[in-house]
Amino acid sequence: MTLLGTQDLSAEADGIAKAADLLRQGLLVAFPTETVYGLGGDARNGEAVAAIYEAKGRPSFNPLIAHVASTEIAKRFVEWTDQAEQLAQAFWPGPLTMVLPLQDDHGISSLVTAGLDTLAVRVPAHRTARALLASFDGPVAAPSANPSGQISPTTAAHVRTGLEGRIAAILDDGPCGVGLESTIVGLAGAPALLRPGGVALERIEEILQTELHHHQLGDLLTAPGQLQSHYAPDAPVRLNAQATQGAEVLLGFGDVTCDLNLSDSSDLAEAAANLFAALHKLNATGRPIAVSPIPDHGLGAAINDRLRRAAAPRD
Ligand code: TXA
Ligand code: MG
């Protein structure tokens, strides 16, 4: 399908109704969540889901997250467990995704799960995401709204730069508050951290009263989408830099002299919210990027996960 342009929709009632209508027609709409902008399509419509993979240039073995309006609706699609209930009560709506066994008769396109017998589900907290899910009244498959492998989008302008002309519309409601993708917890077996993200691991372990299993960076078996090179700017990225070398620009953290600071007060939540916008901005300079050390606890673990992938060797 050729789309002449990508429509800008406001996050008012008429924009949300229009966006829900486009989803019903099997078209793709980018929308804000508290983590990053998502590229939404009807999760029950195989053609819409295929169009998501095509628009992103995403490998089709990498499954998608189904976004739903409430815990009650999530239970229609997956086998619920006590641990799922505990995490839903603590963190939904919010930046947590749970991977659970699919129900029978779930109605979700097998392209969403890439043929797996589990589904990743999330109830987002963002007012516009919630309004869209309520108006559409169905599950929305949504990866981050960026070309596969590139820096994730935290503003409508980032989405437009990456996907202009490839999607029907963008619902614009300003920058995302959390700025990092959701934390993904696998609950189909022993609880496992599949991707660090917007809810710190420590908080999840506190609720479940157990340590999560971890998968190693680049382990494709547990989270197929955790490809090693990801979130990548065009220029090389060097981590744990104390000072710049050659033409590098420095992305700082804390009390350092640098070109752009993620948080001069060393606040990890502020740094998370600024991370992707900072990478987009420094990428536009065309210069190599050096990054200050970031503490590896709380949201810092998720920030470092993204930075390691941004710095990983490219194919
Ligand atoms: O915050 C977020 O999670 C954002 C917003 C839009 O909600 N979405 C997002 O989607 O980050 P995406 O597609 O960029 O990342 C989804 C990750 C991928 O790494 C994928 O492999 C993993 O979830 N995933 C999806 N379904 C899975 C499953 N059944 N088992 C294991 N991993 C799964
Ligand atoms: Mg992504």
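Q: What makes the strands E12, E15, E13 and E14 an open sheet, and which of them stand at the edges?

A: In this predicted model, the four strands line up in the order E12-E15-E13-E14, and their pairing is parallel. Strand E12 (237-238) and strand E14 (260-261) each have a single partner strand, so one side of each is left without a neighbour in the sheet.

Q: How do you know that E12 pairs with strand E15?

A: Two strands pair if there are at least two bridges between them. Two bridges join E12 to E15 (residues 289-291), and these strands run parallel, so the cut-off is met. To find one spot where they meet, look at Arg238: its bridge partner in E15 is Ala290.

Q: What makes E13 a partner of both E15 and E14?

A: It's the bridge count again. Strand E13 (residues 249-252) pairs with E15 over three bridges, in the parallel sense, and Leu251 has Val291 of E15 as its bridge partner. E13 and E14 pair over two bridges, also in the parallel sense, with Gly252 standing opposite Asn261 in E14. The cut-off is at least two bridges, so both pairings count.

Q: Why are helices H8 and H9 called roughly parallel?

A: Helix H8 (residues 268-283) and helix H9 (residues 299-311) pack at an angle of about 20 degrees, and their axes are 9 Å apart. Angles under 35 degrees count as roughly parallel, and therefore H8 and H9 get that label. Their crossing is left-handed.

Q: Which residues make the contact between H8 and H9, and how many of them are nonpolar?

A: On the H8 side you'll find Leu268, Ala269, Ala271, Ala272, Leu275 and Leu279, while H9 brings Leu299, Gly300, Ala302, Ile303, Arg306 and Ala310. They divide into ten nonpolar, one polar and one charged. Gly counts as polar and Arg as charged, so Gly300 and Arg306 are the polar and the charged residue of that contact.

Q: Why are H4 and H7 called oblique?

A: These two helices pack at an angle of about 125 degrees, with axes 10 Å apart. Roughly perpendicular covers 65 to 115 degrees, and roughly antiparallel needs over 145. The angle of H4 and H7 fits neither, and they are therefore oblique to each other. H4 passes H7 in a right-handed crossing.

Q: What meets what where H4 packs on H7?

A: Gln83, Gln86, Leu87 and Ala90 in H4 meet Ile204, Ile207 and Leu208 in H7. That contact divides into five nonpolar, two polar and no charged residues.

Q: What is the strand order in the sheet of eleven strands, and what makes E1 an edge strand?

A: The order is E1-E8-E2-E3-E7-E4-E6-E5-E9-E10-E11, an open sheet with mixed pairing. Strand E1 (7-10) and strand E11 (213-214) are the edge strands, as each pairs on one side only. E1 and strand E8 (residues 169-172) pair in the parallel sense over four bridges, and Ser10 stands opposite Asp172 in E8. Helix H5 (residues 127-136) packs on this sheet and touches strand E2 (29-32), strand E4 (65-67), strand E7 (140-141) and E8. The direction of H5 makes about 135 degrees with that of E2.

Q: Where does UniProt place the annotation "domain: YrdC-like"?

A: The unreviewed UniProt entry puts that annotation on residues 13-199. Over those residues the chain is 31% helix and 20% strand, and the end C-alpha atoms are 30 Å apart.

Q: How do you know that Thr35, His67, Arg122, Ala142 and Ser182 gather at one spot?

A: An unreviewed UniProt entry lists these five under "binding site". They span 148 residues in sequence, yet no two of their C-alpha atoms are more than 12.7 Å apart, so they gather at one spot. Arg122 has its place in strand E6 (residues 118-122).

Q: What makes Pro93 and Gln209 worth a look?

A: Most residues other than glycine have a negative phi, and most peptide bonds are trans. The bond from Trp92 to Pro93 is cis, with omega near -5 degrees, and Pro93 is in the loop between helix H4 (82-91) and strand E5 (96-101). Gln209 has a positive phi, near 55 degrees, and lies in the loop between helix H7 (201-208) and E11.

Definitions and conventions:
Residues numbered from 1 in each chain as written. Chains lettered and ligands numbered in written order. Predicted model: local features only at pLDDT ≥ 70, side-chain atom pairs only at ≥ 80, totals over all residues. Axes fitted to C-alpha atoms, helices over the stretch in contact; angles between N-to-C directions. Left-handed = near helix turned anticlockwise from the far one by under 90°. Contact = placed C-beta atoms within 7 Å. UniProt positions renumbered as here; feature names shortened; annotations may be inferred.
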